[in-house]
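Here are some notes to read alongside the structure, written for someone meeting it for the first time. Take the points in order and keep the view open as you go.

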Amino acid sequence: MSSPGKATVTFDDGTATVELPILKGSVGPDVIDIRKLYPQTGKFTYDPGFLSTASCNSTITYIDGDKGELLYRGYPIEQLAVQCDFLEVCHLILYGELPNAAQKSEFNERVTRHTMVHEQMQFFLRGFRRDAHPMAVMTGLVGALSAFYPDSMNVNDAKQRDISAIRLIAKMPTLVAMAYKYTVGQPFMYPRNELSYTGNFMHMMFATPCEDYKVNDVLVRALDRIFILHADHEQNASTSTVRLCASSGTNPFAAIAAGVACLWGPAHGGANEACLTMLGEIQAMGGMAKIGEFITRVKDKNSTVRLMGFGHRVYKNYDPRAKLMRETCHEVLNALGLQDDPLFELAMGLEKIALEDDYFVQRKLYPNVDFYSGIVQKAIGIPVSLFTAIFALARTVGWVAQLNEMIADPEYKIGRPRQLFVGSPRRDVKPLAARA
Ligand code: SDX
């Protein structure tokens with residue numbers, strides 16, 4: 001980070017002019033360092049939703065929204081999704097480099113050895129109704145992990161941060177599979193150490209004690225790629241939640257539970273579930289013939305209907321993950337003989353119309369990662385209600401890497417934003433009898 005210059009802010013209310021350093025990163029927009037602004041002027045900046053605010057410096061993920069570029073530690077997502085598996089990408093995101101063969105084997109072994117959860121964890125599920133939303137279950141289960149690992153609760157100890165990261169990456173598939181098995185009334189399946197990370201997840205999801213289950217390598221590869229595409233994404237809402245939560249010094253499990261809760265929202269990680277629900281609604285309306293009518297509703301200022309899976313705070317071009325997800329969709333549907341899947345046809349029809357419609361073009365609304373991911377997951381056999389839990393499984397490595405980066409930053413302090421107060425100035429309490 002270098003300082004290429006300064007910004008001079010002058011005021012028309014008599015406040016003294018202030019000079020603020022401009023900081024330059026390795027790539028991407030410069031930032032104005034406003035840390036001296038309040039002490040020197042008594043004024044805050046104001047940026048609801050943080051559209052123009054950099055909350056931190058980071059070396060993990062870079063996004064160029066205009067170019068539609070996504071890099072994990074400098075590597076393009078298009079190369080990682082094709083040339084690596086998810087655990088290699090986890091190693092990259094956590095430690096900054098892709099593993100060599102020996103490091104890959106050692107990392108995989110470490111993760112494999114932590115895939116089981118404490119036997120007591122299963123009893124938490126019994127408190128939920130069988131039809132509880134998996135994200136409600138996951139918010140509870142991930143938070144509950146805080147009660148089981150006293151040796152890795154101190155977020156200020158680098159070794160404890162590292163073992164917590166491994167435990168969380170390793171145990172998320174087990175917990176997601178348990179949340180699923182609970183809803184379908186089947187027994188939980190223990191992890192199988194001879195299987196790959198994603199093969200093990202598929203086994204825990206779809207195997208039963210009654211017979212051997214052979215994982216389908218095409219589906220495993222597709223799901224592994226979905227994990228890679230969702231692994232990290234700069235300072236999105238849930239990652240910022242994890243950073244703010246961990247900044248108080250709370251343990252990593254509690255901070256990740258906060259990230260799970262934030263991701264659940266339909267504007268964020270809940271969009272893939274909402275997108276598939278939307279496609280189902282259009283299908284019920286009459287399918288392709290009704291796309292125009294649906295788009296009209298989306299464009300109607302008075303309607304709250306949004307084209308789920310479209311638009312992004314940062315990407316004002318095609319989300320590179322959506323392109324890769326669409327390719328994966330083709331591969332999976334062809335492998336399963338579902339190439340005529342009506343929902344996929346509908347999604348491509350919707351995408352084509354939206355990309356030509358002025359409303360979307362003007363607002364630079366393109367398909368995002370969630371637009372196709374639901375169709376792929378549904379084809380793999382994952383229930384719609386579990387889509388966001390799968391997103392949380394994949395994003396856990398990004399969350400823990402960003403948490404660890406923040407804590408290791410010598411400049412880090414507890415996050416504590418201020419406000420523009422627009423409420424009542426000081427007034428005195430009237431006795432009850434005197435109140436109107
Ligand atoms: C993820 O931040 C991340 O990195 C997130 C994520 C990650 O990997 O962590 O990429 C994952 O969350 C992807 C986004 C998933 N969400 C959706 O698909 C839900 C639908 N999309 C939106 O609700 C919306 O696009 C957001 C929330 C994603 C972004 O919203 P912004 O940046 O706050 O933009 P906005 O809501 O101010 O929209 C700008 C304009 C508005 O119209 P006008 O007021 O200018 O007339 O575009 C319109 C919006 O109404 N608009 C949409 C729309 N998205 C924005 N109109 C119809 N359909 C949409 N999907």
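1. Let's begin with glutamate 69, which is partly exposed at 24% relative accessibility. The model is a predicted one, and in it this glutamate 69 forms a salt bridge with lysine 67, with 3.7 Å between the closest N and O atoms. Lysine 67 is exposed, its relative accessible area being 56%. Because the limit for "exposed" is over 50% and "partly exposed" begins at 20%, the two partners get separate labels: lysine 67 is exposed, while glutamate 69 is partly exposed.

2. A little further along the chain, please look at arginine 73. This residue sits in the loop between strand 5 (69-72) and strand 6 (75-76). Its phi is near 50 degrees, a positive value in a residue other than glycine. The general background is that most residues other than glycine have a negative phi.

3. Lysine 364 deserves the same kind of look. Here too phi is positive, at about 55 degrees, although lysine 364 is not a glycine. You will find lysine 364 in the loop between helix 16 (358-362) and helix 17 (370-380). With 42% relative accessibility, lysine 364 counts as partly exposed.

4. Back to salt bridges: how many are found in a search of the whole structure? The search gives 20 salt bridges. One of them joins glutamate 109 to arginine 113, with the closest N and O atoms 2.7 Å apart. Glutamate 109 has a relative accessible area of 39% and is partly exposed, whereas arginine 113, with 56%, is exposed. There is also a network of salt bridges, which links Asp33, Arg35 and Glu411.

5. Another salt bridge lies within a helix. Arginine 221 pairs with aspartate 224, and their closest N and O atoms are 3.2 Å apart. The two residues are 3 residues apart in helix 9 (residues 217-229), so about one helical turn separates arginine 221 from aspartate 224. Is aspartate 224 buried or exposed? At 8% relative accessibility, aspartate 224 counts as buried, while its partner arginine 221 is partly exposed with a relative accessible area of 29%.

6. Helix 9 also has a packing partner. Helix 9 and helix 14 (residues 320-335) pack with their axes 10 Å apart and at an angle of about 170 degrees. That angle makes helix 9 roughly antiparallel to helix 14, because angles over 145 degrees are counted that way. The crossing of helix 9 and helix 14 is left-handed. On the helix 9 side, the contact is made by Val218, Leu219, Ala222, Arg225, Ile226 and Leu229, which meet Arg321, Leu324, Met325, Thr328, Glu331, Val332 and Ala335 of helix 14. By class, the contact of helix 9 with helix 14 has 9 nonpolar, 1 polar and 3 charged residues.

7. A second helix pair is worth viewing next. The axes of helix 10 (residues 237-246) and helix 18 (residues 387-408) come within 9 Å and cross at roughly 40 degrees. Helix 10 and helix 18 are therefore oblique to each other, and helix 10 passes helix 18 in a right-handed crossing. Which residues of helix 10 meet helix 18? They are Ser238, Thr239, Val242, Arg243 and Ala246, and their counterparts in helix 18 are Arg395, Trp399, Gln402, Leu403, Glu405, Met406 and Ile407. The contact of helix 10 with helix 18 divides into 6 nonpolar, 3 polar and 3 charged residues.

8. Staying with helix 18, have a look at alanine 394, which has its place there. Alanine 394 is buried, with a relative accessible area of 1%. Leaving out residues up to four places away in sequence, alanine 394 touches Phe86, Phe227, His230 and Ala231. Alanine 394 and methionine 172 are 222 residues apart in sequence, yet their C-alpha atoms are 8.5 Å apart in space.

9. Last comes asparagine 200, in helix 8 (residues 197-206). Asparagine 200 has a relative accessible area of 5%, so this residue is buried. Not counting residues up to four places away in sequence, asparagine 200 touches Thr115, Pro191, Arg192 and Leu195.

Methods
Residues are numbered from 1 along each chain as its sequence is written. This is a predicted model: local features need pLDDT of at least 70, side-chain atom pairs count only at pLDDT 80 or more; totals for chains, interfaces and linings use all residues. Side-chain values use heavy atoms; hydrogens and water are left out. Axes are lines fitted to C-alpha atoms, for helices over the stretch in contact, and angles run from 0 to 180 degrees between N-to-C directions. Helices (H or I, at least four residues) and strands (E, at least two) are DSSP runs, numbered from the N terminus. Angles under 35 degrees count as roughly parallel, over 145 as roughly antiparallel, 65 to 115 as roughly perpendicular and the rest as oblique. A crossing is left-handed if the near helix is turned anticlockwise from the far one by less than a right angle, and right-handed if clockwise. Contact means heavy atoms within 4.5 Å. Ala, Val, Leu, Ile, Met, Phe, Trp, Tyr, Cys and Pro count as nonpolar, Asp, Glu, Lys and Arg as charged, and the others, Gly among them, as polar. A salt bridge is a side-chain nitrogen of Lys or Arg within 4 Å of a carboxyl oxygen of Asp or Glu. Buried means under 20% relative accessible area, exposed over 50%, partly exposed in between (1.4 Å probe, protein chains only).
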